[in-house]
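Visitor: I am new to this structure. Please take one part and show it to me closely, then place it in the whole.

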Amino acid sequence: MIKKLIKFIGDYKKYALLAPILVVGETLSELLLPFLMGKMIDVGIANGDRQAIFLIGGAMILVAIVGMVTGVYSAKFSSMAGQGYGANLRQEMFAKVQSFSFADVDRFSTASLITRITNDVKTIQEMVMQVTRVLIRAPSMLFIALFICIKQNAKLSIIYLVAIPILFGVVRLIMKLTHPLFKMMQEKYDGLNAAVQENLIAIRVVKSFVRIDYEKKKFKAANDDLTKTSVSALMRVVVMNPATTFLLNATTLCLYWFGGRMVGNGDMLSGELVSFISYLNNIMMGIMMFSMILMQATRGRACATRILEVLEHEPDISDSKNDTVGELAEGYKLKGAIEFKNVSFKYPNDERDALILDNVSFKIEPGEFVAIVGSTGVGKTSMVNLIPRFYDAVSGEVLVDGKNVKDYGLDHLRDNIGIVLQSNLLFSGTIRENLMWGNGNADDAELMEAAKDCQAYEFISKFPEGLDTVIDQGGVNVSGGQKQRLCIGRAMLKNPSILILDDSTSAVDSATEGRIRETFYSKYKDTTVLLIAQRISSVQYADKIIVLEDGTIHDIGNHEELMARSPVYKAIYDSQQEGGGLSDV
């Protein structure tokens, strides 16, 4: 695990190396002080030698200054190494998540991925800071102080050699008991994040249905669950403090008892005993620091496991190695022909055996305007998601320009496909910045031309800031229809070979939708357009209409042909006519 994660230290390696070296210098300075104090008592004070007292005192001041300087810089370099490591690890994890397919994100869950990139990485980041400082300081202090004590009086040092293994045994037992709880605690953070995320995303729905009290109870349940698990883990950790204190007091009593008798018998000088007692604090402090970092390493191990699960996960969908070199060079445009050959599909994480799409076959010629209709849940969105490879078919082939989509590079394929998803999403920033997702090099003239094409020009012009109008996160400060039109404009700016519109005009009136449709026919006649819609008025002018039913192709034809022979299509049409045109409002 350490080998897999240590590489992310990157350019901060020099700080990770300098910090421990300075820590050793700081520790040596700290441990020299009791030794010099003992010498001052036995040589200077006992003999009344003022010169020795001043010389040893001056040496102690110099050692203290060295310890202070090395301590400050070791803390600085340790922080730089830890923060840099955390930044590199977060960057790597975020990049890895960007390569995940929709199925991969569903498998981990959005809330869990957020926790792993933030909370779990923060824990590992703190571990690196401790490793470069405390983990070096603790054993250095322990072994150097123990070495000095053994050199001073090997017989009295036996007390340390008995106490140290006992304390480490207690720590080892506590680590074994707390590891499962620390792992569970991180999973509870996932649940808490999920509750917060879901509530904030759907806050308007929560308030409109007056479900605030319900959401409070749901959050309280997740929060209490995390608290209970955390307390259970920490209660086992705190056992270490009284155990350490008891052992420290017992060791101190033994040192005073046996050391005092040695001084009384003339086997040991009083100054040596004073320094010996001083080293007790150093040794026990070293043990306590080492024990604490081992305890935190238990939690760090749980976090590291979760991080490696993300970093080592192989995405379900990856770039093809069969993409012909140069075939999709920059600026290359696909023609836009689409063919499904006996395609079947089910969602990877769906435990049900039922297929969403079952043996679907059809062909679409370049530049055709094709509509897809059917009742809710028949697989319309699932079908178009296979074209840009958001998911892969279970069986059969999806072809673009006669070539399996699996044989295209993902960036090359998706760069030629414009998509307006069912849930329209705008990013925080300006209207200009949102539109430029479609073309990062577009100038104002091109942006306003796209705004006219998507029927957004009128409302953009009314904003005092125009294209520089700030859009709040998620586009909450514009209407649903305005949001849809901006998303369509963003896709138009891409000038794609294939344009997928997934129920993307549901929030605009029929007249506006008609003008957008006319733009497709006049300015984007070479673009293959796939339109998923519920309103017959939106699809009746399409070159071809695909009628889906229960995951299979029920019929394909134009409006007149389907009205004459498709009972499913005619039923949809009749139901909307019976609604008195409300479906068009």
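Guide: Start with what covers the buried residues of helix H18. The cover includes strand E3 (369-373), helix H15 (444-453), helix H17 (480-493), strand E9 and helix H19 (536-539). Keep in mind that this is a predicted model.

Which residues of H18 are buried? They are Thr 512, Glu 513, Gly 514, Ile 516, Arg 517, Thr 519 and Phe 520. Look at how such positions can fall together. An α-helix has 3.6 residues a turn, so residues three or four places apart point the same way. The helix itself covers residues 510-523. Its 14 residues should span 20 Å at 1.5 Å a residue, and the end C-alpha atoms are 20 Å apart, so the two agree.

Two of the covering strands, E3 and E9, lead on to a sheet. This sheet is open and has 6 strands, in the order E6-E9-E10-E3-E11-E12. Its pairing is mixed. At the edges are strand E6 (417-420) and strand E12 (552-557), each of which pairs on one side only. Neighbouring strands in this sheet are turned against each other by 15° on average, with direction ignored.

Take the E6 edge. Strand E6 pairs with strand E9, residues 498-502, in the parallel sense. The pairing runs over 4 bridges. One residue to find here is Val 420, whose bridge partner in E9 is Leu 501.

Now go to the E12 edge. Strand E11, residues 544-549, runs antiparallel to E12, and 5 bridges join them. Val 547 stands opposite Asp 555 in E12. E11 and E12 form a hairpin with 2 residues between the strands. In that hairpin, Asp 550 takes a positive phi near 55°. For side chains, a general pattern helps: in a regular strand they alternate between the two faces of the sheet.

Next, leave the sheet for helix H5, residues 110-132. H5 has 23 residues. From its first C-alpha to its last it reaches 32 Å, close to the 33 Å expected at 1.5 Å a residue. There is a bend, though: H5 turns by about 35° at Arg 116.

Asp 120 is also found in H5. Is Asp 120 buried or exposed? Its relative accessibility is 0%, so Asp 120 counts as buried. Its contacts, leaving aside neighbours within four places in sequence, are Thr 115, Gln 186, Cys 303, Arg 306 and Ile 307.

Another helix to visit is H7, residues 158-201, which holds Phe 182. Phe 182 has a relative accessible area of 5%. Buried means under 20%, so Phe 182 is buried. Thr 229 lies 47 residues from Phe 182 along the chain, yet their C-alpha atoms are separated by 8.2 Å.

Finally, step back to the whole. The protein has 21 helices and 12 strands. Its radius of gyration is 35 Å, well over the 25 Å that the globule rule gives for 585 residues, so the protein is more spread out than a compact globule. Along the principal axes, its C-alpha atoms fill a box of roughly 115 × 50 × 50 Å. Of the 585 residues, 46% count as buried. Many contacts link distant parts of the chain: among contacts with a separation of 6 or more, 78% come from residues 24 or more positions apart.

Key
Residues are numbered from 1 along each chain as its sequence is written. This is a predicted model: local features need pLDDT of at least 70, side-chain atom pairs count only at pLDDT 80 or more; totals for chains, interfaces and linings use all residues. Side-chain values use heavy atoms; hydrogens and water are left out. The expected span of a helix is 1.5 Å times one less than its number of residues. The bend at a residue is the angle between axes fitted to the seven residues ending there and the seven starting there. Buried means under 20% relative accessible area, exposed over 50%, partly exposed in between (1.4 Å probe, protein chains only). Two strands pair if DSSP finds at least two bridges between them. Axes are lines fitted to C-alpha atoms, for helices over the stretch in contact, and angles run from 0 to 180 degrees between N-to-C directions. The radius of gyration is taken over C-alpha atoms; the globule rule is 2.2 Å times the number of residues to the power 0.38. Contact means heavy atoms within 4.5 Å.
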